[in-house]
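Visitor: I'm new to reading protein structures. Could you walk me through what's going on inside one?
Guide: Happy to, let's take a look together.

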Amino acid sequence: MTDRLQPRVAKSCDNCKARKTRCIRPPSSTICTPCQKRKVECHYSLTRRQLRPKKSEDFSTPATVPSSNYNVFSSAASVSTDASASYVDQILVDKNADGRNREACSIFKARENQVLSTGMAFFSDSHIHSLTNILGHSRLRDLLDAMGEAMHQHAHGIDIDFSAPEPPVQISHEEAAHYITVYFDDLHPLTPFLDRADFERRVSDPGLSEILENNAPFCALYHTLLALGCQYMDGGSFIPGKGKAWKYFQCALSLFPRILAPPQGLLHVQALTAMGIFTMSFSCIPIGETLVSEAARIVQLLGYNAAYVQTEDERSCHRAFWVIYWLEKVTSFFRGRGSMIPDYDIGCPVPEPPDTVPGQLDWLLTTARLGRLMSRTYECLFSVSAVQMHTDARIAAIDSISRELEAWNCTLPEPYQPGTPIRFSKSKNPCAQDMALQIRFIYYALVMSMCRLRIHLTVDQPSETNQDTKRQLMEAARAVIYHTRYIEHEAHVPVWQLGIVPISALFVIFDFVIHNPLHKETATNISFLDIAAGYFSRWEISNKDSLPASSAAEFSHIARQFVRDVQARSQTMGSRRTSRLESDNIGPMTGGKNDSSGFPMQPSHVINEEPLVLPDIEGSSAIGPDQLFYPEDPLQTLLGTYLPPTTDLSNMFNSALWYPGSL
């Protein structure tokens with residue numbers, strides 16, 4: 001490690017940095033002048049210098065973004081690209097080049113000065129320190145520690161067994177047929193990787209028992225579909241190893257080593273795909289990424305990403321590939337890492353599912369396009385190479401990805417577009433509402449990540465207040481919280497939809513409330529925090545012991561109490577100022593000053609009166625009372641690279657009191 005990466009004390013304290021005010025510290029003092037005047041704790045964090053490469057080593061220019069000639073829509077203009085912009089090229093040229101590490105230090109806390117992030121809300125230590133000073137207590141820090149510990153225990157405290165269940169699982173033909181029907185009717189349209197007629201023909205074979213005994217991949221596929229249907233119909237568990245559905249899935253898990261053994265074919269890929277779908281749930285956090293990664297590896301090893309497949313049914317191979325593509329891209333994005341599936345090596349078309357109804361949304365094509373956008377977002381904005389680019393290039397990349405996202409949004413049928421009400425009939429199209437909800441959550445997650453990154457990049461530009469960006473961030477977070485009313489508190493809901501996106505929206509709105517307690521939007525934001533609290537409480541009632549839901553609802557209590565205290569102090573200060581003005585007007589007549597109750601005060605009382613100090617409300621004086629402040633903070637993903645995939649949710653919200661019509 002070179003000297004350029006050695007920690008140093010920041011030039012500005014945490015409070016002044018957050019307030020965007022000049023930090024002046026006398027040479028002989030450890031407290032800066034602004035903090036001394038406000039009577040708050042003054043803390044200087046350690047930081048690492050984020051130096052650009054030397055000119056001789058600079059592989060990127062302000063006009064470049066990470067290489068990609070792809071644009072999902074011709075109407076969305078792309079930023080020019082440069083294939084040599086990868087940071088690995090710099091490492092290979094200069095062995096003394098600075099290293100770059102993207103690993104976070106815990107679930108809900110982030111290391112300082114790392115913005116390698118897909119934008120899910122995270123609090124760095126300096127930001128927590130600043131918020132603690134503003135709030136005047138440590139409840140927030142204690143809350144984050146408790147939530148992080150609970151999630152860590154859920155992800156690492158339970159061992160998942162890959163052995164066969166004891167005793168062996170028994171199921172009647174009628175019950176199995178019912179679960180398979182439920183799966184194909186209510187879940188398969190969201191991941192259409194199977195030919196329903198062909199699968200049902202196989203399971204109706206009189207020799208099914210013998211097939212299951214001798215064909216490991218088909219046995220795993222069969223039992224995973226039973227698990228998915230049972231989980232949806234009878235309700236699964238949020239705890240690994242618990243519940244009826246898990247018993248069926250345990251049969252598939254016990255066959256996992258045999259599925260990985262060569263030779264492999266389409267049936268092996270389909271079995272891994274089904275298992276990957278099941279592991280998107282909350283109960284499978286410890287093993288989810290393993291199964292999805294293996295599916296992504298094998299589907300490329302077999303060449304299903306190519307246009308032609310010689311040995312298998314081509315359309316079935318391509319359907320399986322694009323479903324795995326979607327699962328892997330979503331997992332990678334919310335995990336905050338690069339995808340295992342290189343987009344530059346894909347040549348297969350997106351087939352239409354066999355049961356597609358004319359006029360309905362082509363879900364497979366929609367998710368393929370959205371998965372590509374998520375991959376582009378990570379590559380161009382949050383990868384190691386992207387962070388090395390000039391600030392202007394990164395802002396240009398944000399603009400480019402934003403245009404592509406909006407162009408993709410315009411290709412959707414109107415009922416599915418974010419910003420329109422969700423009005424679907426479960427009886428006519430059972431999966432339509434789930435499709436619309438997943439589209440919205442991914443869309444708003446991308447919007448929030450880009451808004452937060454833009455705020456971070458423009459913090460040193462005095463002329464850039466980013467009010468439009470901050471409002472867009474606030475409205476996106478509100479929209480996520482509003483749409484949690486449609487989320488079912490069931491184990492089959494993907495963990496990113498159930499928790500990761502909602503919890504990040506909660507963090508964003510909480511930040512807006514704490515940093516803007518006197519803003520006209522604060523009352524509405526507190527209402528959204530209450531909606532979130534209602535959602536978390538419903539989770540706690542329906543799924544006790546699966547997760548500390550009440551802890552997330554505490555954010556609403558902390559924010560509401562803080563705003564009440566600030567407003568009360570502000571009113572008290574205003575009353576005192578008014579009374580002093582009135583006393584000044586009548587002073588010559590009475591010979592003394594009056595307090596707010598009208599009683600005369602001795603001059604000594606006025607002189608010795610303690611000043612009323614409001615909390616350190618950041619940005620209120622720096623940008624004006626009608627403008628929103630959002631803290632610039634080096635935020636990271638919800639997961640560090642050492643944690644299991646999508647580990648970071650803690651609960652969700654509900655209730656519909658508001659609809660963000662502007663989105």
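**Holes and cores**

Guide: Let's begin with empty space: this structure holds eight cavities of 30 Å³ or more. Keep in mind that the model is predicted.

Visitor: What volume does the largest cavity have?

Guide: The largest cavity comes to about 380 Å³. Its lining has 24 residues, and the closest to its centre are Leu187, Leu190, Gln438, His492 and Pro494.

Visitor: Which elements give two or more residues to that lining?

Guide: You'll find helices H9 (216–235), H12 (266–278), H14 (314–335), H18 (432–457) and H20 (495–515) there. Domain 2 (108–156 + 372–422 + 429–573) and domain 3 (172–351) each supply at least three residues to the lining of the largest cavity.

Visitor: How do the lining residues of the largest cavity divide into nonpolar, polar and charged?

Guide: The split is 16 nonpolar, six polar and two charged.

Visitor: Now the filled parts. How do I read a nonpolar core?

Guide: Here's the general idea: in soluble globular proteins, nonpolar side chains tend to be buried together. In this model, the largest nonpolar core has 163 residues, and Tyr222, Phe249 and Phe334 touch the most other members. Helix H18 gives the most to this core, with 18 residues.

Visitor: Where does this core lie relative to domain 2 and domain 3?

Guide: Both domains give residues to this core, so it lies between them. There's also a second, separate core of eight residues, with Cys23, Cys32, Cys42 and Tyr44 among them.

How values were computed. Residues are numbered from 1 along each chain as its sequence is written. This is a predicted model: local features need pLDDT of at least 70, side-chain atom pairs count only at pLDDT 80 or more; totals for chains, interfaces and linings use all residues. Side-chain values use heavy atoms; hydrogens and water are left out. On a 1 Å grid over the protein atoms alone, a cavity is a set of points where a 1.4 Å probe fits but cannot get out, and a pocket is an open set with protein on both sides within 12 Å along at least five of seven lines; lining residues have an atom within 4 Å of a point. Grid points are joined across faces, edges and corners, and a volume is the space filled by probe spheres set on the points. Helices (H or I, at least four residues) and strands (E, at least two) are DSSP runs, numbered from the N terminus. Ala, Val, Leu, Ile, Met, Phe, Trp, Tyr, Cys and Pro count as nonpolar, Asp, Glu, Lys and Arg as charged, and the others, Gly among them, as polar. Domain bounds come from an automatic or database domain assignment. A nonpolar core is a set of buried Ala, Val, Leu, Ile, Met, Phe, Trp, Tyr and Cys residues joined through side-chain atoms within 4.5 Å. Buried means under 20% relative accessible area, exposed over 50%, partly exposed in between (1.4 Å probe, protein chains only).
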